[in-house]
Amino acid sequence: MADYENLVVRLPDDFSTTTPITGSATFTTDEALLAGETDTGPDDGIETGTFTVTVNSEQDVEITAQDITVIEDLGAPIPLNLDVDITDIDGSESITSLTLDFANLPTGDTVLSDSTVLNAGNTQWTGTVAELQSLAVASLPTH
């Protein structure tokens, strides 16, 4: 079957499936054609096989983050040094939302550089990539 061994299905760049692509391939021998056979089972000259193609998505977002340690009385905003980048090859994707979830915040109000106040009732920040890149902790509660 050398005629068919290099058969290729070409999908668009950066394509992934949410539902597998399924299909079937039917091969008919010249004998089956001459005899007028139909595909009735494994003992005739016509065989059909099914196939499934699943294309898994890959990580198309790269997040840059690192642990931060500062001294207690720094007296300056603490940059979070966070960044995010889209890494897909065709540029078809974009970031549609960006949310940070903070845990283990100290009791009281923690204020971010964009004036967002975080506390026990609000532990999330949302914004744009540009806002994220410059985000810092402006002040922590006094203890």
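Biologist: In which strand is Thr110 found?

Modeller: Strands (E, at least two residues) and helices (H or I, at least four) are DSSP runs, numbered from the N terminus. Here Thr110 is part of strand 7, which covers residues 110-112. Keep in mind that this is a predicted model, where local features need pLDDT of at least 70, side-chain atom pairs count only at pLDDT 80 or more, and totals for chains, interfaces and linings use all residues. Residues are numbered from 1 along each chain as its sequence is written, and side-chain values use heavy atoms, with hydrogens and water left out.

Biologist: Okay, is Thr110 buried or exposed?

Modeller: You read that from relative accessible area: under 20% is buried, over 50% is exposed, and in between is partly exposed (1.4 Å probe, protein chains only). Thr110 has just 3%, so it is buried.

Biologist: And what is Thr110 in contact with?

Modeller: Contact means heavy atoms within 4.5 Å. Leaving out neighbours within four places in sequence, Thr110 is in contact with Leu105, Thr116, Val117 and Leu118, and also with Val137, Ser139, Leu140 and Pro141.

Biologist: Let's try Thr52. Where is Thr52 found, and which residues does Thr52 touch?

Modeller: Thr52 belongs to strand 2, residues 46-53. Thr52 counts as exposed because its relative accessibility is 53%. If you skip residues up to four places away in sequence, Thr52 touches Pro20, Ile21 and Thr22. Ser24 sits 28 residues from Thr52 along the chain, and their C-alpha atoms are separated by 8.7 Å.

Biologist: What about Asp44: buried or exposed?

Modeller: Buried, because the relative accessible area of Asp44 is 15%. Look for Asp44 in the loop between helix 1 (30-35) and strand 2. Thr28 is 16 residues from Asp44 along the chain, with 9.2 Å between the two C-alpha atoms.

Biologist: How do I read the sign of a phi angle?

Modeller: Most residues other than glycine have a negative phi. In this model, Asn81 has a positive phi of about 50° although it is not a glycine. Asn104 has a positive phi as well, of about 60°, and is not a glycine either.

Biologist: Where do Asn81 and Asn104 lie?

Modeller: Asn81 is in the loop between strand 4 and strand 5 (83-86). Asn81 counts as partly exposed because its relative accessible area is 38%. Asn104 lies in the loop that links strand 6 (99-101) and strand 7. With a relative accessible area of 78%, Asn104 is exposed.

Biologist: Now pockets. What volume does the largest pocket have?

Modeller: On a 1 Å grid over the protein atoms alone, a pocket is an open set of points where a 1.4 Å probe fits, with protein on both sides within 12 Å along at least five of seven lines; lining residues have an atom within 4 Å of a point. Points are joined across faces, edges and corners, and volume is the space filled by probe spheres set on them. The largest pocket comes to about 340 Å³.

Biologist: How many residues line the largest pocket, and which lie nearest its centre?

Modeller: The lining has 16 residues, and Glu72, Asp73, Leu140, Pro141 and His143 are those nearest the centre. Strand 10 (residues 136-139) gives the most to that lining, with three residues.

Biologist: One last stop: where is Thr142 found?

Modeller: In the segment after strand 10. Thr142 is exposed, at 81% relative accessible area. Gly108 is 34 residues from Thr142 along the chain, and their C-alpha atoms are separated by 8.0 Å.
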